[in-house]
Amino acid sequence: MAATSPDRRETVYLVPHTHWDREWYEPFQRFRLRLVDLLDDVLARAEGDPDFCFTLDGQMAAVDDHLDVRPEDAARVTALVESGQLAVGPWEILLDEFLCSGEAIVRNLERGLARAAAFGTPMQVGYLPDMFGHCAQMPQILAGAGMSQACLWRGVPSTVDSHSFRWEAPDGTPVRCEYLPHGYGNAAYLLSDEQRLDARAAEFVSRIRPWYDDDPILAMFGTDHSAPLPALMARVRSLAGAPVQLQVCTLVDYLALLGAGSDGLPVVRGELRSHARANILPGVISVRVHLKQAMARAERMVERYAEPWAALWSPADQWPAGFLDMAWRRIVASSCHDSVTGCGVDETAVQVAARIAEAEQLGQAVRDRVVSRLALDVPSDGVLVLNPSPAGRSGLVTVAVPELVSLQLPDGRLLPVQRLGDEERILYDAEFAGGDLREAILRRSFGQQLFDRRIQTVERDGQTVTFQVGRIGDPTFDVEAVADNLHSVAAPTDRPWRLRILAEPLTSVLVDVPVDALGWTTLRPSPSAPQPPDHPVRADEWSLDNGFVHVLVASDGTLSLTGRGGTVLAGVGRLVDGGDAGDTYNYAPPAQDRTVDVPESVHVSAAETGPLLAALIVDRTYAWPLGLTPDRASRTPETVPVHTSMRVEVRAGEPFVRLTVDLRNPSDDHRLRLHIPTARPATASYAEGQFAVVERALTNEGGCGEEPLPTFPASGFVDAGGVAVLLDHVTEYEVVSDGREIALTALRSVGQLSRSVHAYREEPAGPELPTPLAQCIGPVTMRVAVLPHDWPWQVDHVLRAAENFRHDLHTVPGLGPAGAELTAGKGLEIVGAAVMTSLRRRGDWLELRLVAESPQPTWAKIFGVAAARRADLLGRPGETLPTHNGRLDLALRAWEIATVQLRLTPAGQGPGR
């Protein structure tokens, strides 16, 4: 192809396409019906006209959703992909880049490319047409999968004034980026008026030529859920010889004209979240917060528990590939930019929530299968504790054991415990006629079980029969024989008989357990007294202290925190509630807003007093407006009492304070934020997410009719002005009060998908449809931790604190013979400033992904390695890496995403490896 013909006529390269929102203002299956119709038409037209081309939105979900209904079309799709008429891939789904983990982005791309390759050559372009901004590491992710080009629309800053720029990841990895001026549908209606084809084409060129200089012009012919115009090819051909001619092609064809090089182009480094060129709709970060919380739980379960433990501790021939594939399929599908975002109708949100829940359940099933195998070698009077982190650590776990003084490790060390309370023993207590006693027992039993517990003993005291049940029972117990014997005694009597079922006497205790990296250990009760903890946790009526951080509750229910280095935060935990007249896409306060931040009452009580954990409950009652007035200009004068409960918790050895806020939301159309003060005025914030820690200014760039609110997403933590807030899900935050506070959105309640009249956005973002479930009436929970510190985040080990906060140790009771030997196991240990994001099996290798979340070059030492090689993000092997005495020393660039494939030494191998 050439940009112009010999007589200087203009050639515009027309890319027919559709942007297919898989689920949005209609649920998935309703949209699928339309998709099948669209692809029926596209396939038939492509087969009937070799000049017709179609770019299928960069996502293989559209292909597979069609083939689920029309499986016979697979060969037709293959033929058109191989002929170059149909461009498919590279993604499985068009995701939201900020509302899923970095690993979910990689798996999305990996799955999409693999699926596209089944039909021919995938589109080797990072096509990102409608994402609401773009994460900093996307260029490195694309390059790691072998791509050198991206194509996108939203988030581009005003410094970009041409259609091409060099987009660099934080580590400097570049891709050539094709910017879509005026969006992915900039030529959607170019051919709609048959009588003005020449004029419309000339107008289009006149409007868009300044972006292209002397380069060929790209025209994106398609929009949301659009089918190509029936007369498309006829109208294109009618312009042959006109001053402006159209050349139908795929996006791949057009980009081939320009080449993949990016030298000499304007440079943009890092994330793209500017409002200058297009709306980025930042309110999706905080709407339907339950979806964001569920997504984080599912990702953690699969990424950090199920896959790594199965890779390390399952026999090689029992790798649960099918179950993990199903889990990832649901995570990736839910990451769609109209799914986890919550900006669809309620029916869509309900389906997304169910899909995410299934992903978590699949991960739990894999985790529990692995753990149960290990538990078979743990004595039944002991417990198994596992560590999901690639570094050795201690953590609190709760176990239920008989009365004890301490818990013993395999090496004989005794661990102190903190008693939480005795478990309820009485499960059942009722009277029966003597003749009915036998049937009463048998109806309530299932084999050797009563009330889901195994029968241990039975005693008779006069006319009272007592069964004791527990986790481990008597394998010889014969329920029917016991019932028959009792019947022979009880049936002849006239007096009532009492049947009691008691649980074995157990006490719930906390214990702080040291566990090796990605390993496990075992414990059993001991009557011997342990040494007290080095830094016992203490509590009184209004304060907590663990030797690392001191907490004092103020009269208004906020907290004063003092870190070990002397950093003081005053006013932690202030709740601020204000109106929200916006929609699922954008927050907007009512014209006469009224905020509520002063509680009407405060009550403080002690929940736990140490020595391993201490907690206070701060109960506050507020009067919130019921909603907005009918004109939506102000909040209602009518109020409703709202009880909030904030659990304030410190644990032994932790330098941060855990906060859990619980409430029942009774109000419509409002936003609730949790405020955390900074130790000093912040000039920037640092937010972890998607393989990077991104530095952000306190303002944002505007320019496209959308209020450039400096509200941003953070995944692992946000840090500013000497305080890090550790997070358990993607959370919206804003640095406010001239850098003196971080405001985190706990809840945003709205009742409409999009509003055509919006104070903070000039154009609608979707149809005006009600979303009553997005008001989030009912229970709301927010869990964070606050870490005061003196030095920059990378010096003060904020990443390590975030790792420990997000990833609890896991414990289960032993299933082996009572009295068996206690044992421990060590997994893969990683030392250095690198974050593990994935550990899985790839054939007969283990595949490990590490990210150097550091602004400086760093290293990682990986122990227990017999052989190693580099790999790209898709798992394709590269150079062999040397190991030294079972250790791999891996040098890493600042912000590098590194994938290595390993074989472990015998000491690091799990069962069957």
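Me: Which residue follows helix 8 and has a positive phi?

Reply: This is a predicted model, in which local features need pLDDT of at least 70, side-chain atom pairs count only at pLDDT 80 or more, and totals for chains, interfaces and linings use all residues. Residues are numbered from 1 along each chain as its sequence is written, and side-chain values use heavy atoms, leaving out hydrogens and water. Helices are DSSP runs of H or I with at least four residues, strands are runs of E with at least two, and both are numbered from the N terminus. With phi near 80°, the residue that follows helix 8 is Gly-259.

Me: Which residues of helix 8 are buried?

Reply: Buried means under 20% relative accessible area, exposed over 50%, and partly exposed in between (1.4 Å probe, protein chains only). In helix 8, which spans residues 251-258, the buried ones are Leu-251, Tyr-254 and Leu-255.

Me: Why do they lie on the same side of helix 8?

Reply: The place to look is the arc, taken from the directions that run from the helix axis to the C-beta atoms. They share a side of helix 8 because the arc they cover around the axis is only 95°.

Me: Which are the edge strands of the open sheet with the order 44-45-50-47-48?

Reply: The five strands of this sheet pair in the antiparallel sense, where a pair needs at least two DSSP bridges. An edge strand pairs on one side only, and that fits strand 44 (835-842) and strand 48 (877-881).

Me: Which residue of strand 45 stands opposite Val-835?

Reply: Seven antiparallel bridges join strand 44 to strand 45, residues 845-851. Across from Val-835, in strand 45, is Val-851.

Me: How are the rings of Tyr-25 and Phe-31 arranged?

Reply: Rings of Phe, Tyr and Trp (its six-membered ring) pair with centres within 6.5 Å, and planes under 30 degrees apart are stacked, over 60 edge-to-face, the rest tilted. There are 17 aromatic pairs in the structure. For Tyr-25 and Phe-31 the centres are 5.1 Å apart and the planes stand at 80°, so the arrangement is edge-to-face.

Me: Is Phe-31 buried or exposed?

Reply: Its ring partner Tyr-25 has a relative accessible area of 24%, which makes Tyr-25 partly exposed. Phe-31 has 0% relative accessibility, so Phe-31 counts as buried.

Me: Over which ring face does Arg-903 lie?

Reply: A charge sits over a ring if NZ of Lys or CZ of Arg is within 6 Å of the ring centre and within 35 degrees of the ring normal. Lys-861 has its charged end over the ring of Trp-859, 5.1 Å from the centre. Arg-903, at 3.9 Å from the ring centre, lies over the face of Trp-845.
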